[in-house]
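Q: Please take a close look at a single part of this structure. Describe how that part is placed and what surrounds it, and then extend the account to the rest.

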Amino acid sequence: MLRFVALVLAALTGGTAAAADAEAACRAMEHDGAAYTVCSYRADTDDIRLWHSDATGALYGSFNAIDRALRGEGLRLAFATNGGMYHDDRAPVGHYVENGVERVPLIEGDGPGNFGLLPNGVFCWGDGRAAVIETTDYAARRPACRFATQSGPMLVIDGALHPRFLPASDSVHIRNGVGVAADGVTVHFAISDERVNFHAFGRLFRDGLGVPNALYLDGKVSRLYAPAIGRADVGWPLGPIVGVAEAAD
């Protein structure tokens, strides 16, 4: 009888812990007086993906469209945010690999807007590992990525802030980005909940999250989908979207 009770309690506790872990994936965080939302996942256990368009070539454009598509697979969208910069037609500005298929080649020169604030970089993951890699390094190494998205500028490069970031810059926007911990597995996505400059956003990743490399994904249009914390931002159609799929209830 005691063993039965223990098993029941363990099952209940495990269920509670799993629910708590799901909610804890996204959390509020304050750094240097600014407010952020940070969502952390693991490349070795979580189903992190990129989405742009479906098999017919139709743009997803929204978090809800991706969630509907996943529901047809018995899955749901647990988290999503902007997955990189895009042109007016929503095509990715930089290198883009989705499920092993390269859709846009690596851009080794500069580009429009913040993308051209070199050095920029690539967020790459697959086979249980993830990395944010500066573009020239990526070009030399050509790692095998199941998913990859190129954006810019780099926020943190080998533990140092981008050299062109100014502490007192008055260029402030809502911003989102991604950093990978030194373990090569833990991935931190962050979005500012207020307007911040690049220097402040880079410090969040370097000093607040302790990642050696981080990449800016987008600004102004940055949005977050995190139903576990009641967040489902809306707006104009997006280009690339990065997120996490999980089993539906």
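A: In this predicted model, the N-terminal end of helix α4 is capped by N197, with a side-chain oxygen of N197 lying 3.2 Å from the backbone nitrogen of H199. The helix itself covers residues 198-208. After α4 comes G210, a residue with a positive phi, near 70°.

How much of the helix is buried? Of the 11 residues in α4, eight are buried, and the helix is therefore largely enclosed by the rest of the structure. The buried residues are F198, H199, A200, F201, G202, R203, L204 and F205. One of them, F198, also takes part in a contact between a charge and a ring: the charged end of R175 sits over the ring of F198, at 4.0 Å from its centre.

R203 deserves separate attention, as a charged residue of this helix. It is located in α4, and its relative accessibility of 18% is the reason why R203 counts as buried, the limit for that class being under 20%. Its side chain makes a polar contact of 2.8 Å with the side chain of D32. When neighbours within four places in sequence are left aside, R203 is in contact with H31, D32, L161 and G208. D32 thus appears both as a polar partner of R203 and among its contacts.

Towards the other end of the sequence of α4, R206 and D207 form a salt bridge in which the closest N and O atoms are 2.7 Å apart. D207 has a relative accessibility of 43% and so counts as partly exposed. R206 is likewise partly exposed, because its relative accessible area is 29%. Elsewhere, salt bridges with shared partners join D47, R49 and E73 into one network. The structure holds 12 salt bridges in total.

A further salt bridge involves the loop that precedes the helix. The side chains of D193 and R231 meet there, at 3.3 Å from N to O. D193 lies in the loop between β13 and α4, while R231 belongs to strand β16 (residues 231-232), so this pair ties together parts that are 38 residues apart in sequence. With a relative accessible area of 36%, D193 is partly exposed.

A salt bridge within another helix may be set beside these. In helix α2 (residues 63-71), R71 and D67 lie four residues apart, about one turn of the helix. An α-helix has 3.6 residues a turn, so residues three or four places apart point the same way. The closest N and O atoms of the salt bridge between R71 and D67 are 3.3 Å apart. R71, at 44% relative accessibility, counts as partly exposed, whereas D67, at 12%, counts as buried.

The account now turns to the nonpolar interior. The largest nonpolar core has 28 residues, and Y41, F123 and F189 have the most contacts inside it. Strand β13 gives the most to this core, with three residues. Not counting residues up to four places away in sequence, F189 touches T37, V38, C39, Y41, I48, F79, T81, F123, G177, V178 and V242. Apart from this core lies another, of 23 residues, which includes Y36, L161, V196 and Y216. L161 is also one of the residues in contact with R203, which provides a link back to the helix described above.

Aromatic rings form a further set of relations. The structure holds 10 aromatic pairs. One of them joins Y41 and F79 in a tilted arrangement, with 5.4 Å from centre to centre and 35° between the planes. Y41 lies in strand β2 (residues 34-42) and F79 in strand β4 (residues 75-82), so their pair ties together parts that are 38 residues apart in sequence. Both of these residues are buried. F79 forms another tilted pair with F189, where the centres are 4.9 Å apart and the planes differ by 40°. Since F79 lies in β4 and F189 in strand β13 (residues 186-192), this second pair ties together parts that are 110 residues apart in sequence. F189 is buried, as is F79. Ring pairs link Y41, F79, F123, W125, F147 and F189 into a cluster. Within this cluster, Y41, F123 and F189 are the residues already named for having the most contacts inside the largest nonpolar core.

Key: Residues numbered from 1 in each chain as written. Predicted model: local features only at pLDDT ≥ 70, side-chain atom pairs only at ≥ 80, totals over all residues. Heavy atoms only, no water. Phe/Tyr/Trp six-rings, centres within 6.5 Å; stacked < 30°, edge-to-face > 60°. Helix = DSSP H or I, 4+ residues; strand = E, 2+ residues; numbered from the N terminus. Buried < 20%, exposed > 50% of the residue type's maximum accessible area, 1.4 Å probe, protein only. Lys NZ or Arg CZ within 6 Å of the ring centre and 35° of its normal. Polar contact = N/O pair within 3.5 Å; in protein donor to acceptor, adjacent residues only side chain to side chain. Core = buried A, V, L, I, M, F, W, Y, C linked by side-chain atoms within 4.5 Å. Contact = heavy atoms within 4.5 Å. Salt bridge = Lys/Arg side-chain N within 4 Å of Asp/Glu carboxyl O.
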